[in-house]
Amino acid sequence: RKEYVDLFVSYKFNESVQKPFEDFMQGFLRGCPARNWKMFLPAELQVVLQGHTTIDWHLLEKNVKYRQYNKSDQTIKDFWTVFHKLSEEKKKMFLVFLSGSDRIPGYQLECFTFYIEDPQAENPDEVLPRASVCFLILFLPR
């Protein structure tokens with residue numbers, strides 16, 4: 001029985017997927033030649049491909065740029081007060097809302113910036129915050 005199970009598992013995980021995997025690998029290496037990846041250490045390659053999994057939220061706050069707002073505006077102060085009280089999971093959910101991903105891209109965290117902009121609504125109490133994912137803009141009504 002053990003031999004049968006071993007052979008079955010080997011077939012399912014190795015032999016049955018060998019041709020599709022080889023096709024995938026050939027296509028992947030055509031677009032991303034392996035020689036280009038050799039310059040990275042494994043940990044660096046993981047960050048390049050997956051992004052940063054741990055985030056310095058205070059550094060993120062420091063890198064924000066404001067439009068129609070100043071850092072000293074009460075709305076901005078209130079936003080960051082509430083934001084820093086959120087759990088790590090909720091902060092990552094905010095990042096998904098803002099950027100479409102719960103991770104910061106592979107370049108340095110110091111370079112990641114987003115914008116907080118006043119949508120200048122006539123009645124801000126009737127407008128919800130929204131995000132422009134492509135341009136990393138959070139439209140935050142007053």
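Me: What makes a residue count as being in contact with W80, and which ones do, leaving aside its neighbours within four places in sequence?

Reply: This is a predicted model, and in it W80 is in contact with E61, V64, Y66, F114 and I116, once neighbours within four places in sequence are left aside. They count because contact means heavy atoms within 4.5 Å.

Me: And which residues touch the most other members of the largest nonpolar core?

Reply: W80 again, together with F79, F114 and I116. That core has 20 residues. Helices α5 (57-62), α6 and α7 (88-99) each put in at least two of them, and α6 gives the most, with 4 residues.

Me: What makes every member of a core like that a buried one?

Reply: It's built into the term: a nonpolar core is a set of buried residues of certain nonpolar kinds, joined through side-chain atoms within 4.5 Å, so a residue that isn't buried can't be a member.

Me: OK, on to the sheet. What is the order of its strands?

Reply: The order is β1-β2-β4-β3, in an open sheet of 4 strands with mixed pairing.

Me: Why are β1 and β3 called edge strands?

Reply: Look at their sides: β1 (65-67) and β3 (130-132) each pair on one side only. From one strand to the next, the twist averages 25 degrees.

Me: How do you know that β1 and β2 really count as a pair?

Reply: Two strands pair if there are at least two bridges between them. β1 and β2 (residues 115-117) have 3 bridges, in the parallel sense, so they pass the cut-off of two. For one of the partners, take Y66: its bridge partner in β2 is I116.

Me: Which helix lies across β1, β2 and β4?

Reply: That's α6 (residues 74-85), lying across those strands, with β4 at 137-139. Helix α6 runs at about 130 degrees to β2.

Me: V82 sits in that helix. Is V82 buried or exposed, and what decides it?

Reply: The relative accessibility of V82 is 53%. Exposed means over 50%, so V82 counts as exposed. Its C-alpha atom is separated by 16 Å from that of L128, 46 residues apart along the chain.

Me: Why is S132, in strand β3, called buried?

Reply: S132 comes out at 18% relative accessibility. The limit for buried is under 20%, so S132 makes it. Beyond its neighbours within four places in sequence, S132 is in contact with L98, I137 and F139.

Me: What about C134, in the loop between β3 and β4: buried or exposed?

Reply: With a relative accessible area of 72%, C134 is over the 50% mark, so it is exposed. There's also a UniProt annotation, "active site", that covers C134, and it comes from an unreviewed entry.

Me: L136 lies in that loop between β3 and β4 too. What makes its phi stand out?

Reply: The phi of L136 is positive, about 55 degrees, although L136 is not a glycine. Most residues other than glycine have a negative phi, so a positive one catches the eye. As for accessibility, L136 has 19%, so it counts as buried.

Me: What is the phi of Q68, and why is Q68 called partly exposed?

Reply: Q68 has a positive phi of about 60 degrees, and it is not a glycine either. Q68 is in the loop between β1 and α6. Its relative accessible area is 39%, which sits between the 20% and 50% limits, so partly exposed is the right label.

Me: How do you know that I55 is buried?

Reply: I55 has 10% relative accessibility and the limit is under 20%, so buried it is. I55 is in the loop between α4 and α5, and touches L95, D102 and I104, not counting residues up to four places away in sequence.

Me: And what makes Q46, in helix α4 (residues 42-50), partly exposed?

Reply: Q46 is at 44%, in between the two limits of 20% and 50%, so it gets that label. The C-alpha atoms of Q46 and G106 are separated by 8.6 Å, with the two residues 60 apart along the chain.

Me: Last one: how far apart are the centres of domain 1 and domain 2?

Reply: Domain 1 covers 1-39 and domain 2 covers 57-139. Taken over C-alpha atoms, their centres are separated by 41 Å.

Definitions and conventions:
Residues numbered from 1 in each chain as written. Predicted model: local features only at pLDDT ≥ 70, side-chain atom pairs only at ≥ 80, totals over all residues. Heavy atoms only, no water. Helix = DSSP H or I, 4+ residues; strand = E, 2+ residues; numbered from the N terminus. Axes fitted to C-alpha atoms, helices over the stretch in contact; angles between N-to-C directions. Domains from an automatic or database assignment. UniProt positions renumbered as here; feature names shortened; annotations may be inferred. Buried < 20%, exposed > 50% of the residue type's maximum accessible area, 1.4 Å probe, protein only.
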